[in-house]
Each structure stands twice: as C-alpha cells, then as structure tokens.
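Here is a friendly walk through one protein model. Have the viewer open as you read, and follow along from heading to heading.

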Amino acid sequence: MAVPDTHLRQIARWCEQRIPAHALHQVRVEYTVRGSNVTILEVRAPWRDDFGPEWTRRPVAQLRHDGTRWWLYWPDRNTRWHLLEDVPAHTSPAALLDVIDEPHRAFW
C-alpha cells in the first residue's frame with residue numbers, strides 16, 4: 001500500500017525544519033520509505049577518520065500506515081520496532097511527528 005503523497009510532503013517538511021541551516025553540515029533528519037512504513041533517521045557527518053567518509057544513520061522512529069491510519073513505533077537498541085501504545089493512531093502523520101518532538105519521549 002502506497003503512502004499518500006500529501007503525507008510524505010508533511011513528513012519531508014517536518015524533517016527539513018528539525019535542524020537549523022548553520023548545523024546542516026553536521027547533522028540532518030531524513031526519512032526513508034519502505035512499503036507503507038516511513039522511518040525517520042538522524043544522519044550525522046563523519047566524526048572519526050578511521051570510521052570512513054560515510055555519514056552515519058540512526059533510526060529514530062517509524063510511522064506505519066495501514067491505509068487509513070498512522071501508527072508510531074520506537075526502535076530498541078537492536079532496531080526492533082515497538083508500537084508506542086500510549087499514542088493513538090491518527091489519520092495524518094502530523095500529530096505523530098509532534099509526539100516525536102515531545103521532551104519526555106526518548107526518541108532523540
């Protein structure tokens with residue numbers, strides 16, 4: 001099931017607004033889409049020569065679309081995804097993106 005384009009644009013806008021322009025050479029927030037899942041990633045510039053020139057990518061959250069509603073998942077240390085059970089599903093990803101930014105959440 002494809003993710004609606006309007007929802008992908010919301011997610012892309014949210015990612016673009018996370019990091020101020022002066023810090024984009026060090027860190028970015030991006031997303032990837034696989035089927036109906038959208039994974040939010042923290043992407044960091046290389047910081048040690050022995051790790052190579054590649055930017056590192058760390059999964060932060062995953063939004064899953066079931067055709068009508070979006071669900072929010074968090075990754076454990078092994079990048080296994082778990083439903084955030086205290087957050088209800090929404091018809092738009094915007095409310096779930098707000099949850100990712102809540103200070104008492106452990107996404108970042």
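## Helices on the sheet

Across which strands does helix 1 lie, and at about what angle does helix 1 run to strand 1? In this predicted model, helix 1, residues 5-18, lies across strand 1, strand 2 (37-44), strand 3 and strand 4. Its direction is at about 160° to strand 1.

Helix 2 covers residues 94-101 and lies across strand 2, strand 3 and strand 4. Relative to strand 4, helix 2 runs at about 25°.

## The sheet itself

Now for the strands. The sheet is open and has five strands, ordered 1-2-3-4-5, with antiparallel pairing. Strand 1 (27-34) and strand 5 (81-83) are the edge strands, each pairing on one side only. From one strand to the next, the twist averages 30°.

If you zoom in on one edge, you will find strand 4 and strand 5 joined in the antiparallel sense over three bridges. Pro75 has Trp81, in strand 5, as its bridge partner.

## A look at Ile40

Is Ile40 buried or exposed? Ile40, which lies in strand 2, counts as buried because its relative accessibility is 0%, and the cut-off for buried is under 20%.

The contacts of Ile40 are worth selecting in your viewer. Leaving aside neighbours within four places in sequence, Ile40 is in contact with Ile11, Trp14 and Cys15, with Val29, Glu30 and Tyr31, with Arg58, Pro59, Val60 and Ala61, and with Leu97 and Ile100. Helix 1 spans residues 5-18, and Ile11, Trp14 and Cys15 are among the contacts of Ile40. Ala12 is 28 residues from Ile40 along the chain, and the C-alpha atoms of the two are separated by 9.8 Å.

## The largest pocket

Which residues line the largest pocket? The lining is made up of Arg58, Pro59, Val60, Trp74, Pro75, Asp76, Arg77, Thr79, Leu84, Arg105, Ala106 and Phe107. The volume of this pocket is about 190 Å³. By class, its lining has seven nonpolar residues, four charged residues and one polar residue.

Strand 3 (56-65) and strand 4 (70-75) each supply at least two of the lining residues. Strand 3 gives the most, with three residues. Two parts of this report meet here: Pro75 belongs to the pocket lining and is also the bridge partner of Trp81. Likewise, Arg58, Pro59 and Val60 are among the lining residues and among the contacts of Ile40.

Methods:
Residues numbered from 1 in each chain as written. Predicted model: local features only at pLDDT ≥ 70, side-chain atom pairs only at ≥ 80, totals over all residues. Heavy atoms only, no water. 1 Å grid on protein atoms, 1.4 Å probe; cavity = no way out; pocket = protein on both sides within 12 Å on 5 of 7 lines; lining within 4 Å. Points joined across faces, edges and corners; volume = space filled by probe spheres on them. Helix = DSSP H or I, 4+ residues; strand = E, 2+ residues; numbered from the N terminus. Nonpolar A, V, L, I, M, F, W, Y, C, P; charged D, E, K, R; others polar. Pairing = 2+ DSSP bridges. Axes fitted to C-alpha atoms, helices over the stretch in contact; angles between N-to-C directions. Contact = heavy atoms within 4.5 Å. Buried < 20%, exposed > 50% of the residue type's maximum accessible area, 1.4 Å probe, protein only.
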